[in-house]
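Subject: Structure for your review

Dear colleague,

Please find below the structure that I am handing over to you. My account of what was found in it follows directly after.

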Amino acid sequence: IDLRLLVGMERREYSLETPMVFCRVHERMICLIVDVVEDVVSVPRSGMQPASRLYAMSDRMIGVCRLAQGLVMIFDPEKLVPDTALEVADQVGGVGE
């Protein structure tokens, strides 16, 4: 599932180097196509701040945290990926266990 499309951005062409993030959404393992993966870190709940309503997608966010690299928005995959995207992926064989 292309994350760019979920957040209203223009689609990019895919290649063998296209980064992907695997996660569980609505009890299914899915793959999110992303622009870049810089690092994977554990963030303690105490380091999270609620997402400000000033962010356009705050209703789909778990919160915001400050890391050494800067401010990072943490999205909730359950809220970010709509059921319709999963249904379409099922129809074309893109989602499975």
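I begin with the hairpin that β1 and β2 form, in which 2 residues lie between the two strands. In the turn, His-26 has a positive phi of about 50°. Please keep in mind throughout that this is a predicted model.

The two strands of the hairpin are β1, residues 20–25, and β2, residues 28–33. Their pairing is antiparallel and comprises 6 bridges. As an example that you can locate on the display, Arg-24 has Met-29 in β2 as its bridge partner.

Met-29, which lies in strand β2, also appears on the surface. Together with Met-20 and Phe-22, Met-29 makes a nonpolar surface patch of about 320 Å². The relative accessible area of Met-29 is 36%. Because buried means under 20% and exposed means over 50%, Met-29 counts as partly exposed.

In a regular strand, side chains alternate between the two faces of the sheet. With that in mind, please turn from the surface to the interior.

Which residues make up the largest nonpolar core? This core has 9 residues: Leu-6, Cys-23, Val-25, Ile-30, Leu-32, Val-34, Met-57, Leu-80 and Val-81. The elements that contribute two or more residues to this core are β1 and β2.

There is also an open sheet of 3 strands, arranged in the order β3-β4-β5 with antiparallel pairing. The edges of this sheet are β3 (48–49) and β5 (70–75); each has a single partner strand, so one side of each is left without a neighbour in the sheet. Strand β4, residues 61–67, is joined to β3 by 2 bridges, and these two strands run antiparallel. Within this pairing, Gln-49 stands opposite Val-64 in β4.

I turn now to the charged side chains. How many salt bridges does a search of the whole structure find? The search finds 2.

One of them is formed by the side chains of Asp-35 and Arg-4, with an N to O distance of 2.6 Å. Asp-35 lies in the loop between β2 and β3, whereas Arg-4 lies in helix α1 (residues 3–6), so this pair ties together parts that are 31 residues apart in sequence. Is Arg-4 buried or exposed? Its relative accessible area is 11%, so Arg-4 is buried. Asp-35, by contrast, is partly exposed, with a relative accessible area of 37%.

A salt bridge also links the side chains of Arg-12 and Asp-35, at 3.8 Å from N to O. Arg-12 is situated in the loop between α1 and β1, and Asp-35 in the loop between β2 and β3, so the pair connects parts that are 23 residues apart in sequence. Arg-12 is partly exposed, at 48% relative accessible area. Since these salt bridges share partners, Arg-4, Arg-12 and Asp-35 are joined into one network.

Arg-4 has a further polar neighbour. A polar atom of the Arg-4 side chain lies 2.6 Å from the backbone oxygen of Glu-10.

When you study the display, I suggest following the order of this message: the hairpin, the patch, the core, the open sheet and the salt bridges.

Yours sincerely,
A colleague

Methods: Residues are numbered from 1 along each chain as its sequence is written. This is a predicted model: local features need pLDDT of at least 70, side-chain atom pairs count only at pLDDT 80 or more; totals for chains, interfaces and linings use all residues. Side-chain values use heavy atoms; hydrogens and water are left out. Two strands pair if DSSP finds at least two bridges between them. Helices (H or I, at least four residues) and strands (E, at least two) are DSSP runs, numbered from the N terminus. A nonpolar core is a set of buried Ala, Val, Leu, Ile, Met, Phe, Trp, Tyr and Cys residues joined through side-chain atoms within 4.5 Å. Buried means under 20% relative accessible area, exposed over 50%, partly exposed in between (1.4 Å probe, protein chains only). Patches are made of residues with over 30% relative accessible area and no salt bridge: like charges are joined within 9 Å, nonpolar side chains (Val, Leu, Ile, Met, Phe, Trp, Tyr) within 5 Å. Accessible areas come from the Shrake-Rupley method with a 1.4 Å probe; for residues, only the protein chains shown count as cover. A salt bridge is a side-chain nitrogen of Lys or Arg within 4 Å of a carboxyl oxygen of Asp or Glu. A polar contact is a pair of N or O atoms within 3.5 Å; within protein, one must be able to donate a hydrogen and the other to accept it, and residues adjacent in sequence count only if both atoms are side-chain atoms.
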